[in-house]
Amino acid sequence: MIDDANSRRTFLTAAAALAATPLAGDAAAQGNGSPPVLAAVNGSEHWTSKRAGNESIRLFLWRKQLATAGPRRGTILFVHGSSVSATPVFDLQISGKPEASTMDWFARLGYDTWCVDCEGYGRSDKSRPVNADVACGADDVAAASDYIMKQNGGQPLMLYGASSGALRAGLFAQRHPDQVARLALDALVWTGEGSPTLAERKKRLAEYRASNRRPIDRAFVHSIFTRDHPGTSDLTVVDAFADAVLALDTSVPTGTYIDMSANLPVVDPEKITAPTLIMRGQWDGIASYQDLANFFAKLPNPDKQLAVMPGIAHTSTRSKNWALVYHLLDGWFSQPAPVYVG
């Protein structure tokens, strides 16, 4: 269970860190203009496998947690999207920008944080001749969840998925409700109705169907942050992000693009029983507001929220308004369970 005694350390903690107040360390150093001393976070690599027929596919997991022992507020599994692997999205390291690593930020808030490279991405296996669609990614999340729950004493996970990562996380939650404590779906698409980005993507559907992988380069990575509403992201951060992405992959699977262009819906909201937060950037070109409102209305659990994030397009954690996103997520993941449900 989440430690309710610490459950409300949310935006005040984030704002304090942003104002250069250390979360831990030598307080005396703060009186002489020295940089803040942040609590130490340890990273460790892990590997698990999933079965696909007679094959065993190796999956890479990355864990970040406070170096010091003590109670944790719960376990978060972060799930990446269509065009990038997990660590550039969730553990980007930039000197002087502690917020660049979402995993470090939430580890310092007391969470045990994990991410996984889905099959075909990053350090996970890329050998099978498959396009790694949403269902394949949900299988990867299931394998990761099984592994993580063996490390955390069997506690159900808190999941955050963005873009097609939201589809992967949502389908996993639909299939394995007992393994999900709370769910956050960011930049989700349900039917695709009202999506200008997907309308453009459909024009290249034959190209995506012709190959299991599609190339990516620096210009493409930049386009993720400029296609909907230029100015929402700090492009100096995007440059570092592109370096990290391209160091791991110069091509990525086509399966989620095909699903989002031709096979929607791939997730049934009526079968997602976990408490669910739906997050939409104000200018997201993939997730139309009405599409998400219709999805939200069908979620059966009354413990649910729909949040529109101002000044944000498709990629929220890399936006200039990242602090709003972190506050929203921490508030959701630390929210106490209702005492009365009627």
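**Figure 1. Strands S9 and S10 run parallel and are joined by six bridges.** In this predicted model, Thr-276 stands opposite Lys-304 in S10. On its other flank in the sheet order, S9 is joined to S6 by four bridges, and this pair is also parallel. Within that pairing, Leu-185 stands opposite Ile-278 of S9. Six of the six residues of S9 are buried, so the strand is largely enclosed by the rest of the structure. The cover extends to both faces: Thr-276, Ile-278 and Arg-280 are buried on one side, and Leu-277, Met-279 and Gly-281 are buried on the other. In a regular strand, side chains alternate between the two faces of the sheet.

**Figure 2. The open sheet has eight strands with mixed pairing.** The order of the strands is S1-S2-S4-S3-S5-S6-S9-S10. Strand S1 (41-52) and strand S10 (304-309) each have a single partner strand, so each stands at an edge with one side left without a neighbour in the sheet. On average, neighbouring strands are turned by 20° against each other, direction ignored. Elsewhere in the sheet, strand S3 (residues 75-79) and strand S5 (residues 157-162) run parallel and are joined by four bridges. Val-79 has Gly-161 as its bridge partner in S5.

**Figure 3. Helix H11 (residues 289-298) lies across strands S6, S9 and S10.** The strands concerned are S6 (180-186), S9 (276-281) and S10, and the helix runs at about 170° to S10. Gln-305 is a residue of strand S10. With a relative accessibility of 32%, Gln-305 counts as partly exposed. Leaving aside residues up to four places away in sequence, Gln-305 touches Thr-276, Leu-277, Ile-278, Phe-296, Trp-332 and Gln-335. Thr-197, by contrast, is 108 residues away from Gln-305 along the chain, and the two C-alpha atoms are separated by 25 Å.

**Figure 4. Helix H10 (residues 255-263) is mostly covered, and a cis peptide bond is found in the loop that follows.** Seven of the nine residues of H10 are buried. These are Gly-255, Thr-256, Tyr-257, Ile-258, Asp-259, Met-260 and Ser-261. The peptide bond from Leu-264 to Pro-265 is cis, with omega near -5°. Pro-265 is placed in the loop between H10 and S9.

**Figure 5. Ala-132 and Ser-163 have positive phi values although neither is a glycine.** Most residues other than glycine have a negative phi. For Ala-132, phi is near 55°. Ala-132 belongs to the loop between strand S4 (112-116) and helix H4 (134-151). Its relative accessible area is 6%, so Ala-132 is buried. For Ser-163, phi is about 60°. Ser-163 is found in the loop between S5 and helix H5 (164-175). Ser-163 is likewise buried, with a relative accessible area of 12%.

**Figure 6. The model contains one cavity of 30 Å³ or more.** Rolling a probe the size of a water molecule over the atoms shows where empty space is left. The largest cavity has a volume of about 310 Å³. It is lined by 27 residues, of which Val-84, Ser-163, Ile-224, His-314 and Thr-315 are the closest to its centre. Helix H2 (86-90), S5, helix H8 (218-226) and H10 each supply at least two residues of this lining. H8 gives the most, with three residues. Ser-163, shown in the preceding figure for its positive phi, is thus one of the residues named here as closest to the cavity centre.

**Figure 7. Model confidence varies along the chain, with helix H1 and strand S3 as the two extremes among its elements.** The mean pLDDT of the chain is 91, and 90% of its residues reach 70 or more. Among the elements, helix H1 (residues 11-18) has the lowest mean pLDDT, at 39, whereas S3 has the highest, at 99. Over residues 1-30, pLDDT stays under 50. For these residues the model has 54 contacts beyond four places in sequence.

Key:
Residues are numbered from 1 along each chain as its sequence is written. This is a predicted model: local features need pLDDT of at least 70, side-chain atom pairs count only at pLDDT 80 or more; totals for chains, interfaces and linings use all residues. Side-chain values use heavy atoms; hydrogens and water are left out. Two strands pair if DSSP finds at least two bridges between them. Axes are lines fitted to C-alpha atoms, for helices over the stretch in contact, and angles run from 0 to 180 degrees between N-to-C directions. Contact means heavy atoms within 4.5 Å. pLDDT is the predictor's confidence in each residue, from 0 to 100. Buried means under 20% relative accessible area, exposed over 50%, partly exposed in between (1.4 Å probe, protein chains only). On a 1 Å grid over the protein atoms alone, a cavity is a set of points where a 1.4 Å probe fits but cannot get out, and a pocket is an open set with protein on both sides within 12 Å along at least five of seven lines; lining residues have an atom within 4 Å of a point. Grid points are joined across faces, edges and corners, and a volume is the space filled by probe spheres set on the points.
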